[in-house]
Amino acid sequence: KLDKNPEIHPQSSMARLSELSIRQRIWLVLSLAIAPLFILTVSDYLEERERRLAAFADDARLMLNGVLIAEIEQRHHVESLMRTFAGADEMRLLDARECNELAARMMAAHRNLANLGAATPEGEVFCSGTPSAKPVNVSDRPWFKPSLSINGVSAGYFQVSRITGVPGVTFAMPIRNHSGGTVALAVAATRYDWFDRFTGINRLPDGWTSLLLT
C-alpha cells in the first residue's frame, strides 16, 4: 500500500547529499565557510561608508561656514571703504579729477579693489580709479536703479567690468546732498581672489574642487 503523504526521513536527505559530486561538495563547503565572511565584509563596508559620508558632510559644513565668514568680512571691508570714499572732502564737489585721484590712492592702499569710482544718477561714470579710454554708462546694470534709493551699500553683483574687463563683485552706494537727494553713486568692484586664497588655505583633499557660483 502506497502512502500518499510520505514523511521525509533523514536517510533520504543523506542519500541525496551522497549523490553530489566531490566538486559540488567542495563548493558547498566553501560557500558555507565564505558566506559569514562575505556578510561581515559587506557590513563593515557599509559602516565605513556611512562614517566617511558623515566626515565628508562635516568637512563641507566647516568649509561653508568659513566661506560665509570670509564673505561677511569682505563685505564689511567694502562697506567701510565706500563710506570713507563717499564721505571724503574730495567728493564734496564731485569733481572728476579730485575723485579720480582719491580713487586711485585708495585702490593702491587696498589691493582687493578691482576698481573704485562714481557715476551720475543717469549712469554716466565720471570717476574711476582705473582710467577708461572711452565714456562708460552703467544705467543698464542690475545694481544701478535699486542703488539710487537704498540706504547704505547694495548687495554685491558678479559681473565683468566695462572699464577693466575683469570679473568681480560690484557694490554701489548713493551719495546724497543735504536735502537727501541722490547726486551720485559710489561704485566699488572687488576682486574675487579672496575665495582662491581661502581655498588654498584649506588645502582641499585630492579630487575636491571649489567653485564660486554667486
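Q: Which residues line the second largest pocket?
A: In this predicted model, the second largest pocket has a volume of about 190 Å³. Its lining divides into six nonpolar, three polar and two charged residues. The residues that line the second largest pocket are Ala-86, Gly-87, Ala-88, Met-91, Arg-92, Leu-94, Ile-175, Arg-176, Asn-177, His-178 and Val-183.

Q: What is the relative accessible area of Leu-94?
A: Leu-94, one of the lining residues of the second largest pocket, has its place in the loop between H2 and H3. Buried residues are those under 20% relative accessible area and exposed ones those over 50%. Leu-94 falls in between and is therefore partly exposed, with a value of 23%.

Q: What is phi of Leu-94 near?
A: Most residues other than glycine have a negative phi. Leu-94 is a residue other than glycine, yet its phi is positive. The value is near 55°.

Q: Which residues is Met-91 in contact with, leaving aside its neighbours within four places in sequence?
A: Met-91 also belongs to the lining of the second largest pocket. In the largest nonpolar core, Met-91 is among the residues with the most contacts. Leaving aside neighbours within four places in sequence, the residues in contact with Met-91 are Phe-85, Ala-86, Cys-99, Leu-102, Ala-118 and Ile-175.

Q: Which elements give two or more residues to the largest nonpolar core?
A: The largest nonpolar core has 25 residues, and those with the most contacts inside it are Met-82, Phe-85, Met-91, Leu-116 and Cys-127. Both helices and strands contribute two or more residues to this core. The elements are helix H2 (22–86), H3, strand E1 (113–119), E2, strand E4 (167–176) and strand E5 (182–190).

Q: How many residues does the other core have?
A: Apart from the largest nonpolar core lies another core. Its members include Trp-143, Phe-144, Ile-163 and Leu-185. The number of residues in this other core is nine.

Q: How many residues apart are Cys-99 and Cys-127?
A: The structure holds one disulfide, which joins Cys-99 to Cys-127 with an S to S distance of 2.0 Å. The pair links distant parts of the chain, with Cys-99 in helix H3 (residues 96–109) and Cys-127 in strand E2 (residues 125–128). Cys-99 and Cys-127 are both buried. Along the chain, they are 28 residues apart.

Q: Is the link of Cys-99 and Cys-127 left-handed or right-handed?
A: The handedness is given with the angle about the S-S bond. For Cys-99 and Cys-127 this angle is -85°. The link is left-handed.

Q: Which element gives the most to the lining of the largest cavity?
A: The largest cavity has a volume of about 250 Å³. Of the 23 residues that line it, the closest to its centre are Asn-115, Val-138, Ser-161, Ile-163 and Val-187. E1, E2, E4 and E5 each supply at least two residues of this lining. The element that gives the most, with five residues, is E1.

Q: How many nonpolar residues has the lining of the largest cavity?
A: The lining of the largest cavity has residues of three classes. Eight are polar and two are charged. The nonpolar residues number 13.

Q: What pattern does the protein chain follow, read along the sequence?
A: The protein chain has 214 residues, of which 29% count as buried. Its elements are five helices and five strands. Read along the sequence, the pattern is α-α-α-β-β-α-β-β-β-α.

Note on methods. Residues numbered from 1 in each chain as written. Predicted model: local features only at pLDDT ≥ 70, side-chain atom pairs only at ≥ 80, totals over all residues. Heavy atoms only, no water. Disulfide = S-S within 2.5 Å. Helix = DSSP H or I, 4+ residues; strand = E, 2+ residues; numbered from the N terminus. Buried < 20%, exposed > 50% of the residue type's maximum accessible area, 1.4 Å probe, protein only. Core = buried A, V, L, I, M, F, W, Y, C linked by side-chain atoms within 4.5 Å. Contact = heavy atoms within 4.5 Å. 1 Å grid on protein atoms, 1.4 Å probe; cavity = no way out; pocket = protein on both sides within 12 Å on 5 of 7 lines; lining within 4 Å. Points joined across faces, edges and corners; volume = space filled by probe spheres on them. Nonpolar A, V, L, I, M, F, W, Y, C, P; charged D, E, K, R; others polar.
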